[in-house]
Amino acid sequence: MSTLDLGLIGNSRTNALIDKNASIVWWCYPYFDSDPLCNALLAGEQKEDSHGRIDVLFADSRMVEQRYERNSAILVTRFEDNAGNAIEVTDFAPRFRLHGRMFSPSMLVRIVRRTAGRPRIALRVRPSVDYGRARAETRCGAHHISYVGSAQSMRLTTDAAVSAITDEKPFFLQESVTMLFGPDETVAGSPREIGRSFHEQTLGYWQRWVRNLAIPFEWQDVTIRAAITLKMNAFDDSGAVIAAVTTSVPEAPHSKRNWDYRFCWLRDAYFVVNALNSLGATGTMERYLDYILNIIADSRDAPLQPVYGIRREVVLDEREEPHLAGYRGMGPVRVGNSAYFQVQNDVFGAAVMASTHAFFDTRMERPAGHQMFQDLERLGEQAVLNYNVPDAGIWELRGQKRVHTFSSIMCWAACDRLATIAGRLGLNERAAYWGGHALEIHRVICESAWNEELGSFVSTFGGDRLDASLLLMAEFQFLAPDDPRFASTVRATEKHLKRGEFLLRYDEEDDFGLPETAFLVCTLWWILALAQIGEKERARTLFEQVLDRRNHLGLLSEDVAPETGEMWGNFPQTYSMVGLIQCAARLSITWDEAY
C-alpha cells in the first residue's frame, strides 16, 4: 500500500520521490510539471508486472536505514538479507557549479554498492508514458537504453549489463553499478566515474549552501531539511516555486479533494521566498522576482491570476487521467488546475510582499529601484479596486464568492508595503498616497470583519465563521501582537477549529462537504500566533507534536488526520515546510542564550 513515507531528491529542475524500498515511485521528466515516467504512487494497487517505477530488487532483504547524507539532498537507503549480504543505494539529482554557472540537468543518478557479503540483485526500470497509459518503448545500445514515449525521451546509461536490465534477471553485485537517467544523448565518460564525480560535487554544493544559512540554535536539523526541500521546489529556469511535487494525493480518504499542485501559486511562493530570506538565502527571491515582474508585464491590463505554470503559462486546463487509479486507488488523478481562472484578491498583496525585501537588502546582486516600484504600483491599484470585492478566497472555494477577510488584509498589505517602499525610495508623495489607502482599507476591514458576538475577526465581511488564515494578522502587521482583538481571534479560532492538537482551515461545508483533515500549516500558524500572544511554552509543546508527524526523513505533506496522525494531501507541501522554518525561528532560544 502506498504511503507518504517518501524521500525527495531533486536539483531545482527535476525531482523524484523514493520509497523505503528504494523504488522511484514518482518522477516527472524532464521538469516538475511533465508527464511522470514513474507514477507508481498514483497507480493504485500495484501488480508485479506494473510499470511506472524504477526498482532495485534484493530478495529476502529488509531496509535497515534510509537517511539523507548530512546537510544534502542525497538519499541513501541500506538493505541487508538474513545471510548478512548488504547493499547501499544512493540517489540524487546533480547540482553544482560548472564552467561558471549552475549545472543542474534533468537527470537522476543511482549508485548501487555492495557493502557486505555476496548480494544478488535485480534492476527493474519500467518507465511509463502518457500518465500511465503504456510502458515506454525501449531501444538498446551497447551501454545504454533509451526509453521513448510521446514526450521527451529518457536515456539510461550504465555500467551494468544492458541485458540484465532489459531481462530483469538477478545477478551478483561484485562492487557497484551506476545508473545515469537523463537526456537521450551520449554521456562523455564512464558511468562509474561520472557518478562518483557528480556525487562528490553535489554533496559539496549542498553542504556549502547550508553553511550559509542563518539557522536558529534549536531545531537546526528541522530547519535545514525544510530549507533544502524548499530549494528543490524552486524552478531555476524561470524562478517559479511549485506548491508541491505531486498531483492528486487526496486531502482526506475518498474525499475527491485531489488537486494538481505542480504549479506556482503566488501566495505560496511568497511564503517560500520569505522563509528562505529569513535564513539568508536570497537567491531564490531574486529569481522569483524575475518571474513575478515578467508575469506583471505579460498580464498588461488583465487580472493577476492566483496560479501560473512554471514557465509562466496562463492556461492550466484541468483534466482527469483515467489510466491511473490514484493514491491507494482513490482517484481521480487530475492534471492542470482550474484555480487559474478563479478570482483570488489576495494575490496582489502576495506579489508585493514577496518583492518588498528586494528594496531593503543591500546584499542583492540587482537591488530593486524605481522601475520595479512602478511595476508593483499597478498591483497596488488593483488591490484598492478589489479589497472589498467577492472572491474565492485563500482556500479556493469553487462554488461561491464572498468578500474574504484574508483577501482584504492582503490588499491592505499591498498598499502598506508600497507606502514603506516609497518611503525607502524617498518618494514622499507616493508614500502618503499608499499610506492613505492602507488606512482606509484597514478601517473597513475592522468594521466589516469583526464579529462582536464571537469576539473575533471572521472569515468574511459580515460573517460568523472562523478561518485559520486570520491567525496571520499579527504576522502581516495588520494588528499588533498585543492588540486584544488579535488574542481574542486566536482564542475563538482555537475554540471552533481545533481537532485534537491540530487546526482545520475552516469548519463550514464547501463544494466537497465538511473538511475531515487538518491543514498542517494552519496548525503552524496557530503556534506562531500563540508565541506572539505570550504563550511560548505551549507553542513549543505543540510544535514538538507537529514535528512528530513528519515522516522518517523529516518531510510533511499538506494535511494530517487528527485521529490517526497519518499524513494526507500533496507531498512534500511547501506551505508546511515553510511553517517549520517559521516556528523554529520564532520559538528557539537565541545563540547568545545557549551558552
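How much space lies in the second largest pocket? About 450 Å³, and that pocket is where this tour starts. Keep in mind as you click around that this is a predicted model.

**Stop 1: the second largest pocket**

Select Y270, N274, S278, E475 and Q582. Of the 20 residues lining the second largest pocket, these five lie nearest its centre. Now colour three helices: α4 (266-278), α6 and α13 (574-587), each of which supplies at least two residues of the lining. Which helix gives the most to that lining? It's α4, with 7 residues. If you colour the lining by residue class, you'll get 10 nonpolar, 7 polar and 3 charged residues.

**Stop 2: α6 against α7**

Stay with α6, and bring in its partner. Select 347-356 for α6 and 370-386 for α7: the two helices pack at an angle of about 145°, and their axes are 9 Å apart. Turn the view until one helix sits over the other, and you'll be looking at a left-handed crossing of α6 past α7. Show side chains next. On the α6 side, the contact is made by F348, A351, V352 and S355; on the α7 side, pick L376, L379, Q382, A383 and N386. What kinds of residue make up this contact? There are 6 nonpolar and 3 polar residues, with no charged ones.

**Stop 3: H370**

Don't leave α7 yet, since H370 is in this helix too. Is H370 buried, partly exposed or exposed? Its relative accessibility is 44%, so H370 counts as partly exposed. Now look for its partners from elsewhere in the sequence. Setting aside neighbours within four places in sequence, H370 is in contact with L425 and L427. Draw a C-alpha to C-alpha distance from H370 to L425 and you should read 7.3 Å, for two residues that are 55 apart in sequence.

**Stop 4: the cavities**

Time to go inside. Rolling a probe the size of a water molecule over the atoms shows where empty space is left. The count here comes to 4 cavities of 30 Å³ or more, and we'll visit two of them.

For the largest cavity, select E251, Y261, W395, E396 and R505, which lie nearest its centre among 22 lining residues. About 310 Å³ of space lies in there. Colour the lining of the largest cavity by class: 11 residues are nonpolar, 10 are charged and 1 is polar.

The second largest cavity has a volume of about 120 Å³. To find it, select W395, L397, H404, Y506 and E508, the closest to its centre of the 17 residues that line it. You'll have W395 on screen already, as one of the residues nearest the centre of the largest cavity. The lining of the second largest cavity divides into 6 nonpolar, 5 polar and 6 charged residues.

**Stop 5: two positive phi values**

Next, zoom in on the loop between α3 (220-232) and β20 (264-265), where you'll find S248. The phi of S248 is near 70°, a positive value in a residue other than glycine. Move along to H254, in the loop between α3 and β20 as well. H254 also has a positive phi, near 55°, and isn't a glycine either. Which of these two is buried and which exposed? S248 counts as buried, because its relative accessibility is 0%, whereas H254, at 62%, counts as exposed.

**Stop 6: two cis peptide bonds**

Show the backbone as sticks for this one. Select G331 and P332: the peptide bond from one to the other is cis, with omega near 5°. P332 sits in the loop between β22 (319-320) and β23 (334-335). Then jump to F571 and P572, which are also joined by a cis peptide bond, this time with omega of about -25°. P572 belongs to the loop between β30 (567-568) and α13, and α13 is one of the helices you coloured around the second largest pocket.

**Last stop: G280**

Finish in the loop between α4 and α5 (283-299), where G280 has its place. G280 has 25% relative accessibility and therefore counts as partly exposed. For a last distance, link the C-alpha atoms of G280 and I145: the two are 135 residues apart in sequence and 42 Å apart in space.

Conventions:
Residues numbered from 1 in each chain as written. Predicted model: local features only at pLDDT ≥ 70, side-chain atom pairs only at ≥ 80, totals over all residues. Heavy atoms only, no water. Axes fitted to C-alpha atoms, helices over the stretch in contact; angles between N-to-C directions. Helix = DSSP H or I, 4+ residues; strand = E, 2+ residues; numbered from the N terminus. Left-handed = near helix turned anticlockwise from the far one by under 90°. Contact = heavy atoms within 4.5 Å. Nonpolar A, V, L, I, M, F, W, Y, C, P; charged D, E, K, R; others polar. 1 Å grid on protein atoms, 1.4 Å probe; cavity = no way out; pocket = protein on both sides within 12 Å on 5 of 7 lines; lining within 4 Å. Points joined across faces, edges and corners; volume = space filled by probe spheres on them. Buried < 20%, exposed > 50% of the residue type's maximum accessible area, 1.4 Å probe, protein only.
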